[in-house]
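This report concerns one protein chain. Please consult the sequence and the structure shown below while reading.

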Amino acid sequence: MRFYSILAALLLITFSSQAQQECGQHIIENAERLADPAFDAAFTEADELSKLESNNSNARAETLVIPLVFHVLHQNGPENISDAQIHDCIRSMNLDFNEGNIELDEIIPEFQDNIGNAEVEFRLATLDPTGSPTTGIDRIQSDRTFIGDESAKLNIWPRAKYINIWVTDVITVGGVVNGAAAYTRRPFAAQGSPSTDGIITNHRYVGRIGTSTVQRSKTLSHEMGHFFNLKHTWGDSNNPGCDGTSTNPNDPCFGINNCFDDDDVADTPNTLGVDNGSCNLNAPGCSNGSTSNVQNFLDYSSCDAMFTKGQVSRMRSALSSSTAQRNQLWMASNLEATGVSQLTAANYYVERPVACRGEFVQFFDESTYDPESWSWELIGPSATLTSNEQNPIFEMRDQGIYTVKLTVTQGGITETIEDEDAFVVSDVYGSAMPFKETFDGENRGWVSTTTRNDDSDYGWALSETDGFNDSYSYKMINYGQESTDEFDLYFTSVDFRPMTAISMNFKVAYARRSNLNQDKLSLAVSDDCGETWTLFWTGISSFMNNGKSNTSSTFSPESASDWISVNVPTIPLSWVSQDAVFRFRFSAGGGNNLYLDDINIDGNYEDVPYLVYPLDQSPNRPNDVNLNWRAVDKSSEYEYELSKSEEFTSLITSGTLATIDDELSEGADTEYKTEALENGTTYFWRVRAKVGSSMSDWSEVWSFTVDEEGVGVADLNNSAGISIYPNPTSDRVNVTVNEELQDVSIVIYNLNGQIVQRSYVGPMNASSKVNLSTSDLSSGSYILEVSSYNQKWNQLLMINR
């Protein structure tokens with residue numbers, strides 16, 4: 001084991017300190033051609049034939065589907081990349097090969113008309129060479145991952161049926177460790193080597209997530225271009241940038257001028273090629289007045305984004321050729337044999353499971369494979385969003401937690417996936433501070449992501465048996481897992497506006513199975529609804545294990561000593577916002593279960609209140625709208641003012657409210673209910689707090705406009721489809737409907753439009769009755785809404801005690 005640790009450390013140093021070439025294809029092929037003149041001559045002849053065939057290539061009539069298998073060579077380190085990272089890589093390649101990548105918007109005008117669409121779709125195989133089910137991901141424990149040459153191409157699947165992609169910790173070319181990011185051979189070079197035909201890549205260049213980055217995510221699109229017979233844009237030399245001026249015999253460019261070489265594609269101008277990841281969009285071509293296509297996937301720039309139409313013709317020609325059996329990959333009989341043509345499972349992908357209210361979010365169908373119709377349902381707290389598009393875009397208008405349901409069909413086959421608590425939309429202003437979560441009540445805004453690639457139960461789940469002070473916690477089910485998948489748990493959101501300093505602590509219970517376990521829990525925050533994240537705490541397995549003996553059986557905490565308290569360093573105010581989202585990320589590393597509980601966020605507070613509702617400049621408010629604000633620490637009373645004038649020269653009403661106690665609270669002491677306001681009129685309001693003997697400054701001034709009818713709640717009288725009784729009520733209410741409905745949800749709002757209770761009921765008919773508890777609601781008026789698909793009914797509900 002000591003040998004493994006030292007070797008891994010040395011490889012990390014090597015990788016970090018040595019310049020990395022993007023691709024080893026030309027190094028491998030040129031060395032083989034130099035060693036065998038007959039092979040070199042035959043290769044040159046094959047290139048000429050390929051040039052002629054691709055120039056005469058006919059227009060395409062179909063998308064070509066190609067089965068893939070990923071062989072992940074690992075020694076239980078970070079090189080054992082997650083299924084999610086591989087799926088992300090395939091997603092990225094499919095965008096690149098189908099003119100769908102967003103970087104195409106940045107292509108300079110000189111090449112806009114030359115952008116090519118290869119119409120090639122890559123799919124992970126679902127049947128292995130024996131016909132047995134597979135995920136298309138073959139994990140192989142082997143120290144060859146630290147070699148990364150031809151000898152690391154283990155367990156090849158027949159190349160006529162699958163493109164084999166090996167993932168390793170390093171890539172060795174020309175005897176140089178980390179001499180490239182990846183490499184493959186073009187078809188003629190691979191023709192005589194069926195046992196090693198495929199692509200081998202460093203795991204740091206697979207996809208955009210996990211151990212890779214967005215900047216390195218185009219590597220496999222580059223290599224796949226070579227696999228389909230594309231050269232580098234500068235031709236066959238080993239180095240881009242060679243201009244024939246070097247006089248140093250030891251310089252790799254000595255005696256080489258790339259302008260005298262060609263990639264045999266008519267619409268890619270002869271070029272010197274770009275090195276070191278630069279992106280000079282004005283780089284000249286070799287001919288007078290020409291511009292280099294530095295944004296080409298087959299260059300080495302940092303802004304690669306396109307294939308040309310000529311390159312597409314050359315790739316499609318290679319896929320139609322029997323050379324290296326490329327033409328057998330996409331045959332209908334092979335697609336059936338590898339399991340990539342029939343619908344077997346519904347699945348979807350969304351970039352992130354959190355969004356701001358009003359944000360547009362796209363959901364992507366990732367069902368396997370070839371559905372012909374789609375039925376999307378995003379079942380929210382007050383409405384269900386629906387679509388029949390394959391990759392719909394939804395406007396997330398209502399805050400709250402959503403269930404995502406996708407039903408797909410192919411002929412007589414129907415598959416459905418339904419993920420509860422899968423997506424959350426944050427309110428304009430998040431939960432009030434101080435924030436405390438013990439997981440013993442209704443889900444206030446927690447959602448988690450898991451990898452849905454197999455039938456495993458790994459991931460975050462609410463535990464009702466193991467908590468720190470009670471029976472509740474969030475459990476990361478990890479025992480028995482061998483992948484390095486990442487599992488995220490989100491909370492949206494928290495309002496940090498009143499804070500001048502922030503502190504955070506929480507409890508963790510965890511056990512290792514062995515000293516080699518590399519599980520990790522990290523904590524990050526986002527102030528832009530999950531678009532970007534700031535990491536501010538990481539706990540490794542040895543820290544979280546806290547000196548306990550390793551536990552070979554399934555771990556669950558049995559006493560307080562199994563828990564550790566984590567005190568997070570001060571969180572800078574610049575990292576948070578009025579709707580900050582927190583993310584706990586568990587990175588699996590072979591260990592045991594983890595439990596999370598008793599999350600507390602507190603700190604120091606401003607003396608000036610922050611307003612919450614109605615939102616500034618809100619239209620269509622009721623004429624008895626409630627005014628809400630955030631509590632101020634140690635305040636004894638609040639003073640409020642309401643006026644038709646922004647300068648408050650004359651007041652409609654004003655007054656004071658004594659705080660309930662000296663603790664922070666959000667209730668009767670931080671709200672004022674207006675009465676009989678004028679319809680269609682704009683009002684201004686503000687609040688200040690008394691702390692000690694002094695009054696604070698006034699809050700910001702907000703405004704709202706009363707609805708012309710004075711109601712302010714859409715369709716308030718739309719109650720014909722439902723009945724509720726007794727009404728008024730005290731502790732319980734019955735709800736019935738007048739027709740047969742599916743996927744019924746019942747939501748209760750206060751008159752500020754805020755959700756105070758929600759229930760998912762499912763199917764109902766005219767004989768159904770739902771009995772709801774209202775014991776947690778204070779006396780007052782509420783709106784009870786029943787929704788089913790695109791229909792909804794609401795009725796005023798009165799609570800009297």
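## The link of Cys279 and Cys303

Cys303 counts as buried, at 18% relative accessibility, under the 20% limit that the term buried requires. Its partner in this predicted model is Cys279, and a disulfide joins the two with an S to S distance of 2.0 Å. The link of Cys279 and Cys303 is right-handed, with 100 degrees about the S-S bond. Because both cysteines lie in the loop between α7 and α8, the pair ties together parts that are 24 residues apart in sequence.

Cys279 counts as partly exposed, its relative accessibility being 33%. The pair therefore joins a partly exposed cysteine, Cys279, to a buried one, Cys303.

## The link of Cys259 and Cys286

Cys259 is joined to Cys286 by a disulfide, with 1.9 Å from S to S. This link is left-handed, with -80 degrees about the S-S bond. Cys259 and Cys286 are both placed in the loop between α7 (219–227) and α8 (309–319), so their bond ties together parts that are 27 residues apart in sequence.

How accessible is Cys259, and does the term buried or partly exposed apply? Its relative accessibility is 22%, and Cys259 counts as partly exposed. Cys286 is partly exposed as well, with a relative accessible area of 24%.

## The link of Cys356 and Cys529

A further disulfide is formed by Cys356 and Cys529, whose sulfur atoms are 1.3 Å apart. The link is right-handed, with 60 degrees about the S-S bond. Cys356 belongs to strand β10 (residues 354–356), while Cys529 lies in the loop between β23 (520–526) and β24, so the pair ties together parts that are 173 residues apart in sequence. Both Cys356 and Cys529 are buried.

## The disulfide pattern and two unpaired cysteines

How many disulfides does the structure hold? There are four. When the bonded cysteines are counted along the chain, the disulfides follow the pattern 1-2, 3-5, 4-6, 7-8.

Why is Cys23 not bonded to Cys89? Cys89 holds the cysteine sulfur closest to that of Cys23, but the distance is 15 Å, too far for a bond; a disulfide requires two cysteine sulfur atoms within 2.5 Å. The relation holds from the other side too, since the closest cysteine sulfur to that of Cys89 is in Cys23, at 15 Å. Cys23 counts as buried, with 0% relative accessibility. Cys89 also counts as buried, with 2% relative accessibility.

## A sheet of five strands

Strand β24, which follows the loop that holds Cys529, is part of an open sheet of five strands. The order is β18-β21-β26-β23-β24, and the pairing is antiparallel. Which strands form the edges of this sheet? The edge strands are β18 (446–449) and β24 (534–540), each of which pairs on one side only. On average, and with direction ignored, neighbouring strands of the sheet are turned by 15 degrees against each other.

At the β18 edge, four bridges connect β18 with β21 (residues 486–494), and these two strands run antiparallel. Thr449 offers one example of a bridge position: its partner in β21 is Asp488.

Conventions: Residues numbered from 1 in each chain as written. Predicted model: local features only at pLDDT ≥ 70, side-chain atom pairs only at ≥ 80, totals over all residues. Heavy atoms only, no water. Pairing = 2+ DSSP bridges. Axes fitted to C-alpha atoms, helices over the stretch in contact; angles between N-to-C directions. Buried < 20%, exposed > 50% of the residue type's maximum accessible area, 1.4 Å probe, protein only.
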